[in-house]
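Hi,

Here is the structure I promised to pass on. Please have a look at it first, and then read my notes below.

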Amino acid sequence: MKDVVALGELLIDFAPVSTDESGYPTLKAQPGGAPGNFLAALTKYGCSTALLGKVGEDAFGNLLVNTLDTLGISTKGIVKDPSVFTTLAFVTLDATGNREFSFARKPGADTCLRPEELDLSLLDDCKVFHFGTLSLTGEPARSATRAAVAYAKEHGKLISFDPNLRKPLWPNDEAAREQIEWGLHQSDIVKISDEEIEFLWGISPEEGAQKLLKEYGVRLVYATLGPKGCHVANANGCCEVPSPTGIHVIDTTGAGDIFGGSAMSQFLRLNKAPETLTVEELRAVTRFACCAASLSTQTHGGITSVVPEDQVRAIL
């Protein structure tokens, strides 16, 4: 049995490592994509995982599949398509390591996943199904995502969701809101950022967490606060957990995804329903995730930046 199956984009992040005298960056290719980053953290921290998605039948697609295989993430559900290129993301970083993305995705392979290409047998044999919104930005991947969510819900799986808002990939803000709202209404566990809560409702992270619990039927909410940490809440209560101090940030790419996967790994160890975690259990799960995510920012990339568990425990 797989602990977690995720659906979505697997892509190459090109991160700048230097800049020439004319301002053109030298880029380093890194394996990435939010679901891949999420599963990399889960796998590093002892969970069994699989990905549903599509890459191009090209050099980058082969590299990405080989990377996941090496990490122990099942690639049985990844389709290689010779008619489209593997999706590429170009990352720009500011002085504090915060990033912005530009995508070569018109279309990218991840957007071309069709419902009939889904290996739904992977969902028969898992505990949690996870998805984000990049697979909801257009067809046919949107229909594939909705089919997978419906199948997972019908079969009693926990549904995990990360809005992962990337405005350049949407035709307008209203389209993004519509699809994020749909995803939130499907979900048991949500990892959402303070910026995404502001985008959706114009309220505080604390208010957003309570709104999700009371109006959307979400059972466990992680409202991340960037470098400040995370506000976590369920029916038993809530608390705010700070990020560790003294971390030298190089690149925040994938940190939110790694937070989500790290938190999920610790949640699964408790073997409890999301709404039954005590406040102290919420705090412990979130502390681990904050530390793992913070440590991942000390190097470039997402999938390859997850640190071993002993390094996380050392700063807890």
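The notes that follow cover cavities, a pocket, the cysteines, a hairpin and one strand residue.

This is a predicted model, in which local features need pLDDT of at least 70 and side-chain atom pairs count only at pLDDT 80 or more, while totals for chains, interfaces and linings use all residues. Residues are numbered from 1 along each chain as its sequence is written, and side-chain values use heavy atoms, with hydrogens and water left out.

Let me start with the empty space. On a 1 Å grid over the protein atoms alone, a cavity is a set of points where a 1.4 Å probe fits but cannot get out; a pocket is an open set with protein on both sides within 12 Å along at least five of seven lines; and lining residues have an atom within 4 Å of a point. Grid points are joined across faces, edges and corners, and a volume is the space filled by probe spheres set on the points.

There are 4 cavities of 30 Å³ or more, and the largest has a volume of about 90 Å³. Of the 15 residues lining this largest cavity, Phe38, Ser160, Ile189, Lys191 and Gly260 are the closest to its centre. Helix H8 gives the largest share of that lining, 6 residues (helices, H or I, have at least four residues and strands, E, at least two; both are DSSP runs numbered from the N terminus). By class, the lining has 8 nonpolar, 4 polar and 3 charged residues (Ala, Val, Leu, Ile, Met, Phe, Trp, Tyr, Cys and Pro count as nonpolar, Asp, Glu, Lys and Arg as charged, and the others, Gly among them, as polar).

The second largest pocket has a volume of about 150 Å³. Its lining consists of Phe103, Arg105, Lys106, Thr111, Thr137, Gly138, Pro168 and Leu169.

Now the cysteines: with a disulfide taken as a pair of cysteine sulfur atoms within 2.5 Å, the count comes to 0. For Cys126, the nearest cysteine sulfur is that of Cys47, 12 Å away. For Cys291, it is that of Cys290, at 6.9 Å.

Strands E2 (residues 11-19) and E3 (residues 25-32) pair in the antiparallel sense over 8 bridges (pairing needs at least two DSSP bridges). They form a hairpin with 5 residues between them, and Gly23 in the turn has a positive phi of about 95°. Phe14 has Ala29 in E3 as its bridge partner.

Finally, Thr224 sits in strand E11 (residues 220-224).

Best wishes
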